[in-house]
Amino acid sequence: MLPRGSLRINLLLGLPALLLAAAVVAVAAIWSGDFFAAGNLGNLVNRVLPLALTALGQAFVLFAGRIDLSVGSIISLATAILATTSNELGWLAIPLVLAAGLACGAVNAAGVIWLRINPLIMTLATAAVVKGVAMLLLPSPGGEVDYGFYDLFYGQDLLVGWPLAVIVAVFALAFIVLGFTRFGRRIYALGSDERAAYANGVDVRRVEWSVFLLSGFFSAAAGVAVGIKILSGDPLIGDSFTLDAIAAAVLGGVALTGGRGGVLGVLAGSIALVLIANAFNLLELDPNLQQIAKGLIFVVALMLFMRGAARRSA
């Protein structure tokens, strides 16, 4: 039996998202001659980065059978902190932002583990609090992120640059951790059957702490990428990331009930969603249609998952 994080399982679970991405690319390339322009491809990679990081953090939580609805607010808070501190602290502002993300993840974990609050309710409450903190720090979009950050990270605007390198490195590491380490197996075990995992010696609380901390960390990292891209902060810019991250994970074959999925599927789902948004922009379609499309994709992906789960349990 193949491990659940194996390359074959990852590719199989991510196949629907890859097919959707390929279809979107074909349609966009036919309708717009600008799709394969170097500038557009570089922009695509830059847009995939924050969503992929957020979806990856969310996926760790989903693999363990939990959910994190605070990721969008953490991204907003990250941009607010970065925009208000980068000029004074320089590069030290980035560790500060990442520490804030870890703190948010710790709050979620503490509420779920010690107060026994349902993860959905706990992370929803954290999202409200974190959004309030972001609004206090930066009541409206503004502030200023050091241009040196942008120049180093996005300045070349190339397909092969730092954003792509970060995506490859982070997802390769996550693939190894989930597929070939005891920690990865424990995450899947917890998501599959918590009682069985506990009976087999899995420290459930430690795994829960880990996945929520990872989600907070990756959300903050995504916020850094967004803040550097827009060179400012925005206390509301992360709102759409919560649904997008869950949609990317589900589209990539991650089960909302836990214990199933792979990181390559998560990356494929993120790419597919960004490609759809990019195609809509190139075709100059109403931006509101993007939201409708995302919602429909999410529903269809859920229906396919439910149907597949019903067949497996039959």
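**Notebook: a walk through a predicted model**

Leu231 has a relative accessible area of 26%, so I put it down as partly exposed. I remind myself that I am reading a predicted model. Where does Leu231 sit? I found Leu231 in the loop between helix H10 (204-230) and helix H11 (239-251). I then looked up its backbone angle: the phi of Leu231 is near 60°, a positive value in a residue other than glycine. That made me pause, because most residues other than glycine have a negative phi.

**Entry: another positive phi**

I went looking for a further case and landed on Arg116, in the loop between helix H4 (93-113) and helix H5 (119-137). The phi of Arg116 is positive, near 55°, and this residue is not a glycine. Is Arg116 buried or exposed? Its relative accessibility is 67%, so I noted Arg116 as exposed.

**Entry: helix H3**

Next I followed helix H3, which covers residues 71-89. I saw a kink of about 35° in H3, and its centre is Ala83. How many residues of H3 are buried? I wrote down 15 of its 19 residues, so H3 is mostly covered. After H3 comes Gly90, and here too phi is positive, near 65°.

**Entry: Thr54 in helix H2**

I turned to helix H2 (residues 38-63) and picked out Thr54, which belongs to H2. Thr54 has 0% relative accessibility, so I marked it as buried. What lies 2.7 Å from a polar atom of the Thr54 side chain? I found the backbone oxygen of Pro50 there. I also listed what Thr54 touches, leaving out its neighbours within four places in sequence: Val71, Ile75, Phe218, Ser219, Ala222, Phe241 and Ala245.

**Entry: Gln58 in helix H2**

I stayed in H2 and moved along to Gln58. Gln58 is at 0% relative accessibility, so I counted it as buried. Which backbone oxygen lies 2.6 Å from a polar atom of the Gln58 side chain? I traced it to Asp68. Asp68 turned up again in my contact list for Gln58, which also has Ile67, Val71, Ser215, Ala245 and Ile246, with neighbours within four places in sequence set aside. I noticed Val71 and Ala245 in this list, and I had already met both among the contacts of Thr54.

**Entry: Phe241, seen from its own side**

Phe241 was on my list for Thr54, so I looked it up in its own right, citing its 13% relative accessibility, which counts as buried. I placed Phe241 in helix H11. Which residues does Phe241 touch, not counting those up to four places away in sequence? I wrote down Pro50, Leu51, Thr54, Val71, Gly72, Ile75 and Val226. Pro50 is a name I knew already, as its backbone oxygen lies 2.7 Å from a polar atom of the Thr54 side chain. I also checked Phe241 against Ile230: they are eleven residues apart in sequence and 16 Å apart in space, C-alpha to C-alpha.

**Entry: a patch on the surface**

My last stop was outside. Which residues make the nonpolar surface patch of about 350 Å²? I noted Leu285, Leu289, Ile292 and Leu296. I looked more closely at Leu285, which has its place in the loop between helix H12 (263-282) and helix H13 (287-313). Leu285 has a relative accessible area of 35%, so I recorded it as partly exposed.

Methods: Residues numbered from 1 in each chain as written. Predicted model: local features only at pLDDT ≥ 70, side-chain atom pairs only at ≥ 80, totals over all residues. Heavy atoms only, no water. Patch = residues over 30% accessible without salt bridge, like charges linked within 9 Å, V, L, I, M, F, W, Y side chains within 5 Å. Areas by Shrake-Rupley, 256 points an atom, 1.4 Å probe, with all protein chains shown as cover. Salt bridge = Lys/Arg side-chain N within 4 Å of Asp/Glu carboxyl O. Helix = DSSP H or I, 4+ residues; strand = E, 2+ residues; numbered from the N terminus. Buried < 20%, exposed > 50% of the residue type's maximum accessible area, 1.4 Å probe, protein only. Polar contact = N/O pair within 3.5 Å; in protein donor to acceptor, adjacent residues only side chain to side chain. Contact = heavy atoms within 4.5 Å. Bend = angle between axes of the 7 residues up to and from the residue.
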